[in-house]
Amino acid sequence: MRKAIFFDRDGVVNVEVSYLCEPDKTELIPGCAEAIRKIHEAGFLAIAVTNQSGIARNMYTVDDMMSVHARIQKLLLAEGADCTVDAFYFCPHHKDFSGECSCRKPAPGMLMKAAEDFNIDLENSYMIGDRLSDLRAGSAANCKNCILVKTGYGENEIEKAREANFAVAEDLLDAVNHCLGEELPLITIGVSAYNREIFLPECLDSLLAQTYKNIEIIVVDDGSKDNTKQLVTEKYPQVRYIYKENGGDASAKNRAAREAKGEYIVFNDSDDVFLPDAVERLYKAMVDGQAQYGREVIAYGTYEGIDENSVRYPAKNKVAVLPSGNITENLLKNVLVCSTGVLLPVKSFLADGGYDESLRCMHDWKLSLELSLEFPFTAVQEPVFLRRRHSSNLSAASYRGSKTALDVFEEFVAANPELSARFGKVIRRRRATLHGRLAREAAKEKSDKKIIHEHLKTALANHFTLKHLVRYIKNVM
């Protein structure tokens, strides 16, 4: 059986005009073509069901009405071949002019006829309209959900709709997004927070504004001493708040994964901001990747930078194009996959042990390296989040952080000796880069010259560069 999203015509697809019968007066409501395209992309039928009592009143003819339908289809077709309505069902009756009937809404007759014609599973279909009678028709047909839109006559029906426990949306596109959100898998967004009440509202607002609607948001408070608890519980009741003793970013993210109700999880740091369609694009990349590789995949994206005042600046991209497929070699060269902006199955994340809780940082690089040996990755090329730079970033440059990166790298290479045969040159160059970075951070922190000397010596032994040679000579002198 097929599924459908039914919707009223006037005030939902086209701008409300009383007893519309002239094609030239037909005007589409903004976003309706996009809504119908989304209906089709999700595998639903897009079916209009409209009361047309003007026919019974002898105000216009069936042919006049059909000319309006043709005009609607023409306007929709101009937006794309997949934006047209699959079928129009109409009721030409009115009890005062033609007697009682079973098709005029709120009766479900038109929906029942469409179900018969198209073999539609009504219990897994939806009804959208701008009047309570539209929603009652859907309810009488046992539709899964019925949603009022604020366009057309909808603004005057909101209170009645809510009293009857019907959902309310801005317009057809918003209503379709809600319908399809119920059909899409639940995605958990896990936020790890530690003393970030100043940045947390912008983070949470960006998550609540996602175009992908079937989400749950979990904030794991990693032992904050500020007002994080009060902020989340009082101002964001739709967000799940979990407190734990301080154990580090990795442990907070792991706790979010263990608490997740979603099939998939994506993390966001409490100081970062998701772009409005981030989850939608990541999920699409995952679906496309699953179709391409025929198996489970991990989707990831890049970012732009913001400062403490949320002023955006272009991030320095490590590669021109993010790689997809088997990206182990690429990950050995660069840390391309952050903990933020990566969508992956919860079961796979937990099966691999999650993030290494012994690491203060670089746990995301370690896990992405390990997962790259098991799963293909699929990349979203345009930024999906805004990464904030400020003085208390965990990833701020330091000798300790750079040493952790080197330890993660060497542990991974040692655990997978076959990689040396495949990527020996890449491994040597990366080792040289990491030791060069350690030498630089050691010099900044005024460490013993012997430490700087040994790092530069190892860097030169793995990959000779003039930069490392000059720094080595200066250190010796």
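**Exercise 1. Determine whether Lys105 is buried or exposed, and describe its salt bridge.**

*Solution.* Step 1. Lys105 has a relative accessibility of 4% and therefore counts as buried; buried means under 20% relative accessible area, exposed over 50%, and partly exposed in between, with a 1.4 Å probe and protein chains only. The structure is a predicted model, in which local features need pLDDT of at least 70, side-chain atom pairs count only at pLDDT 80 or more, and totals for chains, interfaces and linings use all residues. Residues are numbered from 1 along each chain as its sequence is written, and side-chain values use heavy atoms, with hydrogens and water left out.

Step 2. The side chain of Lys105 meets that of Asp134 in a salt bridge, at 2.7 Å from N to O. A salt bridge is a side-chain nitrogen of Lys or Arg within 4 Å of a carboxyl oxygen of Asp or Glu.

Step 3. Lys105 lies in the loop between helix H4 (95-98) and helix H5 (109-118), while Asp134 belongs to helix H6 (residues 132-140), so the pair ties together parts that are 29 residues apart in sequence. Helices (H or I, at least four residues) and strands (E, at least two) are DSSP runs, numbered from the N terminus.

Step 4. Asp134, with 2% relative accessibility, also counts as buried.

Step 5. Lys105 is joined to Pro106 by a cis peptide bond, with omega about 25 degrees. Pro106 is located in the loop between H4 and H5.

**Exercise 2. State which residues of H5 and H6 are buried, and what they pack against.**

*Solution.* Step 1. The buried residues of H5 include Gly109, Met110 and Leu111, and also Ala114 and Ala115.

Step 2. Their cover includes strand E1 (4-7), strand E2 (45-51), strand E3 (87-91), strand E4 (126-129) and H6, where contact means heavy atoms within 4.5 Å.

Step 3. In H6, the residues Leu132, Asp134, Leu135, Ala137 and Gly138 are buried. The buried residues of this helix pack against H5, E4, strand E5 (145-149) and helix H7 (158-163).

Step 4. The residues that follow the helices may now be examined. After H5 comes Asn119, with a positive phi near 55 degrees. Just after H6, Asn142 has a positive phi of about 65 degrees.

**Exercise 3. Describe how H16 and H17 are arranged, and identify a salt bridge that ties them together.**

*Solution.* Step 1. The two helices, H16 and H17, pack at an angle of about 165 degrees, and their axes are 9 Å apart. Axes are lines fitted to C-alpha atoms, for helices over the stretch in contact, and angles run from 0 to 180 degrees between N-to-C directions.

Step 2. H16 and H17 are therefore roughly antiparallel; angles under 35 degrees count as roughly parallel, over 145 as roughly antiparallel, 65 to 115 as roughly perpendicular and the rest as oblique.

Step 3. Among the residues that meet are Leu406, Phe409 and Glu410 in H16, and Ile427, Arg431 and Leu434 in H17.

Step 4. Glu410 forms a salt bridge with Arg431, whose closest N and O atoms are 2.6 Å apart. Glu410 lies in helix H16 (residues 399-415) and Arg431 in helix H17 (residues 418-444), so this pair ties together parts that are 21 residues apart in sequence.

Step 5. Glu410, at 25% relative accessibility, counts as partly exposed, whereas Arg431, at 17%, is buried.

**Exercise 4. Identify which residues have the most contacts inside the largest nonpolar core.**

*Solution.* Step 1. A nonpolar core is a set of buried Ala, Val, Leu, Ile, Met, Phe, Trp, Tyr and Cys residues joined through side-chain atoms within 4.5 Å.

Step 2. The largest such core has 46 residues, and Tyr300, Leu332, Val337 and Trp365 have the most contacts inside it.

Step 3. Leaving aside residues up to four places away in sequence, Tyr300 touches, among others, Leu282, Ile327, Val337 and Phe377.

Step 4. A second, separate core has 34 residues, including Leu204, Ile217, Tyr241 and Val384.

**Exercise 5. Locate Asn165 and Lys446, and state how exposed each one is.**

*Solution.* Step 1. Asn165 is in the loop between H7 and strand E6 (167-169). Its phi is positive, about 65 degrees, although Asn165 is not a glycine. Asn165 has a relative accessible area of 71% and is exposed.

Step 2. Lys446 is in the loop between H17 and helix H18 (449-462). Lys446, not a glycine either, has a positive phi of about 55 degrees. At 74% relative accessibility, Lys446 counts as exposed.
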